[in-house]
Amino acid sequence: MFSPQCVRISSGTWRQNRNTVTPSPKRWWIIALIAIVTVINYVDRTSLAVMWPAISQDVALTKENYATIVSAFMIFYGIGQAVSGRIFDQVGTRVGFTLSVAVWSIACIGHGFIRGLSGLLAMRGLLGFSEAGNWPGATKAVAEWFPKHERALAQGIFNAGASLGAVVSAPLIAVLFALFGWRATFVVVGALGFIWIIPWWLGARVQTAAEARPSSAPTADEGAALTWRQILGYRQAWGVFTARFFLDPIWWLFVNWLPILLAERFGFDVKSIGLFAWVPYLGAVIGSLGGGWVSGHWIRAGWSVDRARKRAILIGAGLALPGFAVAAWAATPVVAVLAMALVLCGFQVMINNIQTLPSDFFSGKSVGSASGIGGMSAVLGVLVFSTWLVPYLSKISYVPVFILGASLVPCGLLAVFLLCREIKPVHPPQK
């Protein structure tokens with residue numbers, strides 16, 4: 001337990017009384033590094049989709065094989081969400097991120113040495129399991145280092161890393177592919193994670209800020225982390241899990257299928273995909289930063305956390321729904337990708353504030369676990385809606401795929417408004 005008067009760390013001092021906390025300025029360095037590694041995370045995971053036309057020809061794989069590969073990634077990604085969330089709560093963000101990034105970098109490099117479907121499935125599963133740690137780890141770091149009114153913005157900064165990674169990955173991978181071929185491209189992008197580990201290990205060496213978590217008041221029991229069973233006993237937790245089950249598949253519709261959609265619907269090759277596939281994610285960057293900033297702005301202006309988060313989520317839904325409608329019937333690739341940019345902008349406004357909810361409800365010692373379970377719930381939704389249904393719906397056309405995506409938005413809203421109810425710290429379990 002920490003002293004409420006003063007916690008001294010090597011980079012400075014946190015001074016706290018009952019009413020005020022001075023957050024460490026180092027928090028912006030921490031979230032910047034997490035945003036950078038999130039870019040690397042998305043470059044690594046989207047490499048397969050961008051280069052799939054060439055890989056499938058060289059290794060003799062089919063669209064059905066691709067769906068199987070995506071399923072393997074997502075299954076292990078879901079398991080990794082829950083497991084890594086618990087690990088981050090136990091070992092901290094410094095060690096947790098180092099382990100996660102090292103393993104997923106090895107897995108990405110391993111893609112360049114596969115000879116068939118079985119090897120690709122193995123590397124994809126390892127990549128999914130290890131990359132999953134990025135999200136509960138980032139959410140835990142936000143809870144440790146940022147006050148409530150800054151958390152959605154911090155969440156938005158690292159989510160912008162995911163969007164920026166998707167923006168830069170298609171053209172970057174297309175260039176690397178043209179220069180070196182697909183096998184060497186996996187090795188090059190996989191090596192980026194090992195380079196990132198160096199500044200992270202040096203810059204995040206002070207972790208006692210977790211003991212002086214800049215929250216406005218204690219939430220659940222600060223003496224010990226809640227177990228998975230205890231977390232599942234809260235209605236608010238089920239609201240987060242259900243919302244993510246419905247909403248996260250929207251993002252993965254684009255991550256997993258956008259390059260293939262452009263190839264099948266508009267006849268694009270790898271070069272053309274590189275020219276167009278980044279546009280929707282530019283909208284996601286805007287939504288990540290804007291959605292995080294606006295709810296924090298309202299909280300600083302005196303709004304309750306509940307009102308600010310829910311208003312932002314509604315705005316995001318209002319952007320995503322018309323975007324789906326336009327994308328479904330777009331006649332040209334330019335109109336299609338611009339409409340998809342609107343969808344992903346709205347999605348990021350919603351998901352930034354929803355991903356912040358575990359830190360609004362629970363203490364810092366339980367945020368990683370709660371976020372990890374939420375991530376696993378999200379993966380289940382992705383498997384059902386984005387991975388298993390899309391191959392069948394797309395045989396008709398991509399219109400039913402976009403209609404499916406639009407239908408998920410009101411389902412996610414109902415989960416937040418009916419199950420979470422008022423967004424405020426939960427009471428600790430009875431002992």
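## Starting at Lys424

Let's begin with one residue: Lys424 touches Asp360 and Phe361, leaving out residues up to four places away in sequence. Keep in mind as you look around that this is a predicted model. You'll find Lys424 in the segment after helix H17, which covers 399-420.

Is Lys424 buried, exposed or somewhere in between? Its relative accessible area is 42%, so it counts as partly exposed. Now try a pair that the sequence alone wouldn't show you: Lys424 and Ser304 sit 120 residues apart in sequence, yet their C-alpha atoms are 8.9 Å apart in space.

## The whole protein

Time to zoom out. The protein has 17 helices and two strands. It is 431 residues long, and 61% of those residues count as buried. As for the outside, the protein exposes about 16200 Å², with carbon and sulfur atoms supplying 69% of that area.

The chain also brings distant parts of its sequence together. Take the contacts between residues at least 6 apart in sequence: 84% of them join residues at least 24 apart.

## Two nonpolar cores

Here's a general idea to carry with you: in soluble globular proteins, nonpolar side chains tend to be buried together. In this model, the largest nonpolar core holds 110 residues, and Trp251 and Phe254 touch the most other members. Helix H1 (residues 27-59) provides the largest share of this core, 16 residues.

Which residues does Phe254 touch, not counting those up to four places away in sequence? They are Pro259, Tyr281, Phe324, Met340, Val343, Leu344 and Phe402. There is also a second, separate core of 22 residues, and Val305, Phe362, Cys420 and Val426 are among its members.

## Gln236 and its neighbours

Two members of that second core turn up again around Gln236, a residue of helix H9 (residues 235-266). Apart from neighbours within four places in sequence, Gln236 is in contact with Phe361, Leu419, Cys420 and Val426. You've met Phe361 already, as one of the residues that Lys424 touches.

Why does Gln236 count as buried? Its relative accessibility is 15%, and buried means under 20%. Cys420 has a relative accessibility of 0%, so it counts as buried too.

## Cysteines without disulfides

How many disulfides does the structure hold? The count is zero. You can still compare two of the cysteines by their surroundings: Cys420 is buried at 0% relative accessibility, whereas Cys411 is partly exposed at 29%.

## A nonpolar patch on the surface

Some nonpolar residues show up on the outside. Ile87, Val91, Val95, Leu99, Ile198, Trp201 and Leu202 make a nonpolar surface patch of about 600 Å². The elements giving two or more residues to the patch are helix H2 (63-91), helix H3 (93-111) and helix H7 (182-203). H7 gives the most, with three residues.

Take Val95 as an example from the patch. Val95 lies in helix H3, and its relative accessible area of 30% makes it partly exposed.

## One last stop: Gly318

Finish your tour in helix H12 (residues 305-328), the place of Gly318. Gly318 counts as partly exposed because its relative accessibility is 47%. Gly318 and Phe347 are 29 residues apart in sequence, and from C-alpha to C-alpha they are 9.7 Å apart in space.

Key:
Residues are numbered from 1 along each chain as its sequence is written. This is a predicted model: local features need pLDDT of at least 70, side-chain atom pairs count only at pLDDT 80 or more; totals for chains, interfaces and linings use all residues. Side-chain values use heavy atoms; hydrogens and water are left out. Helices (H or I, at least four residues) and strands (E, at least two) are DSSP runs, numbered from the N terminus. Buried means under 20% relative accessible area, exposed over 50%, partly exposed in between (1.4 Å probe, protein chains only). Contact means heavy atoms within 4.5 Å. A disulfide is a pair of cysteine sulfur atoms within 2.5 Å. Patches are made of residues with over 30% relative accessible area and no salt bridge: like charges are joined within 9 Å, nonpolar side chains (Val, Leu, Ile, Met, Phe, Trp, Tyr) within 5 Å. Accessible areas come from the Shrake-Rupley method with a 1.4 Å probe; for residues, only the protein chains shown count as cover. A salt bridge is a side-chain nitrogen of Lys or Arg within 4 Å of a carboxyl oxygen of Asp or Glu. A nonpolar core is a set of buried Ala, Val, Leu, Ile, Met, Phe, Trp, Tyr and Cys residues joined through side-chain atoms within 4.5 Å.
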